[in-house]
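Let's take a walk through this fold together, from the overall layout down to a few individual side chains. Have a look at the chain first, then read on.

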Amino acid sequence: MLKEQARVVAVENNAIWVETIQLSTCGSCVAKKGCGQALLAGLGAKPNYLRVLLDNNHPSSRYRLNQLITIGLPESIVVKASLFLYLLPLILLMLFGAITQYYYNNELLIIFMASLGLFFGGLLIRFFSDKYKDDQRFQPKVVEEEPLTIVNNSDLTYESTR
């Protein structure tokens, strides 16, 4: 499971919004200084905002603004989604181009149809991302949370126990 430290920035009825900058894989990567992610993070890259869906075991009342949590996503989901995201448009680009070349053999038409295949691949990616955006299988999950401490009745804050 890929894990990342995050800070709660908004709480909804069935979800929380968290802010994170991905750095967890930087220590284990072979590229080290040649990596764009590490370079951007070092230059003060803007954080990512993610929507984390909550299940019955994690009601939204458990979370407060600025609370630190750890979110996780299974590696298999990341690999499958990445393959789908990158390969579908490329496969459609090559398929549209190959079919057009077989039937028409006109270079300008082949380029147009290959571009059209790439465009349709992008539309399919958008369709599937909208269709599965609320599917629990493809969403990050709260793995760990830091406990909240009540300072006074009107102000809730968190204290790290680490």
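What follows goes from the whole chain to the sheet, then to a helix, the aromatic rings and two loop residues.

Some ground rules first: this is a predicted model, where local features need pLDDT of at least 70, side-chain atom pairs count only at pLDDT 80 or more, and totals for chains, interfaces and linings use all residues. Residues are numbered from 1 along each chain as its sequence is written, and side-chain values use heavy atoms, with hydrogens and water left out.

Start with the big picture. The protein has 3 helices and 7 strands, where helices (H or I, at least four residues) and strands (E, at least two) are DSSP runs numbered from the N terminus. Read from the N terminus, the order is β-β-α-β-β-α-α-β-β-β. Of the 162 residues, 21% are buried; buried here means under 20% relative accessible area, exposed means over 50%, and partly exposed is in between, with a 1.4 Å probe and protein chains only. About 11400 Å² of the protein is exposed, and carbon and sulfur atoms supply 62% of that. These areas come from the Shrake-Rupley method with a 1.4 Å probe, and for residues only the protein chains shown count as cover. As for contacts (heavy atoms within 4.5 Å), take those with a separation of 6 or more: 70% of them involve residues 24 or more positions apart.

Now for the strands. Two of them pair if DSSP finds at least two bridges between them. Strand β1 (residues 2-11) runs antiparallel to β2, with 4 bridges joining the two, and the pair forms a hairpin with 3 residues between the strands. To find your place in it, look for Ala-10, which stands opposite Trp-17 in β2. β1 is also joined to β4 by 6 bridges, again antiparallel, and there Lys-3 sits opposite Gly-72. Move to β2 (residues 15-20) and you find a mostly covered strand, with 5 of its 6 residues buried. Another 6 bridges join β2 to β3 (residues 48-53), and these two strands run antiparallel. Val-18 has Leu-50 of β3 as its bridge partner.

Which residues does Leu-73 touch, leaving out those up to four places away in sequence? Leu-73 belongs to β4 (residues 68-73), and its contacts are Met-1, Leu-2, Val-78, Phe-138, Gln-139 and Pro-140. Gln-139 is 66 residues from Leu-73 in sequence, yet their C-alpha atoms are 7.1 Å apart. Leu-73 counts as partly exposed because its relative accessible area is 21%.

On to α3 (107-131), which follows α2 (75-103) after a loop. α3 has 25 residues and spans 36 Å from its first C-alpha to its last, close to the 36 Å expected at 1.5 Å a residue; the expected span is 1.5 Å times one less than the number of residues. At the N-terminal end, Asn-106 acts as a cap, with a side-chain oxygen 3.2 Å from the backbone nitrogen of Leu-108. Which residues of α3 are buried? They are Ile-110, Ala-114, Gly-117, Gly-121 and Ile-125, and they pack against α2. An α-helix has 3.6 residues a turn, so residues three or four places apart point the same way.

The aromatic rings deserve a stop too. The whole structure holds 6 aromatic pairs; rings of Phe, Tyr and Trp (its six-membered ring) pair if their centres lie within 6.5 Å, and planes under 30 degrees apart count as stacked, over 60 as edge-to-face and the rest as tilted. Tyr-102 and Tyr-103 make an edge-to-face pair, at 5.0 Å centre to centre and 85 degrees between the planes. Both Tyr-102 and Tyr-103 are exposed. Phe-119 and Phe-120 form a tilted pair, at 6.1 Å centre to centre with 50 degrees between the planes. Phe-120 counts as partly exposed because its relative accessibility is 35%. Elsewhere, ring pairs tie Phe-84, Phe-127, Phe-128 and Tyr-132 into a cluster.

Finally, check the backbone at two asparagines. Asn-66, in the loop between β3 and β4, has a positive phi of about 70 degrees although it is not a glycine. Its relative accessibility is 36%, so Asn-66 counts as partly exposed. Asn-105 lies in the loop between α2 and α3, and its phi is also positive, near 55 degrees. With 59% relative accessibility, Asn-105 counts as exposed.

Notes: A polar contact is a pair of N or O atoms within 3.5 Å; within protein, one must be able to donate a hydrogen and the other to accept it, and residues adjacent in sequence count only if both atoms are side-chain atoms.
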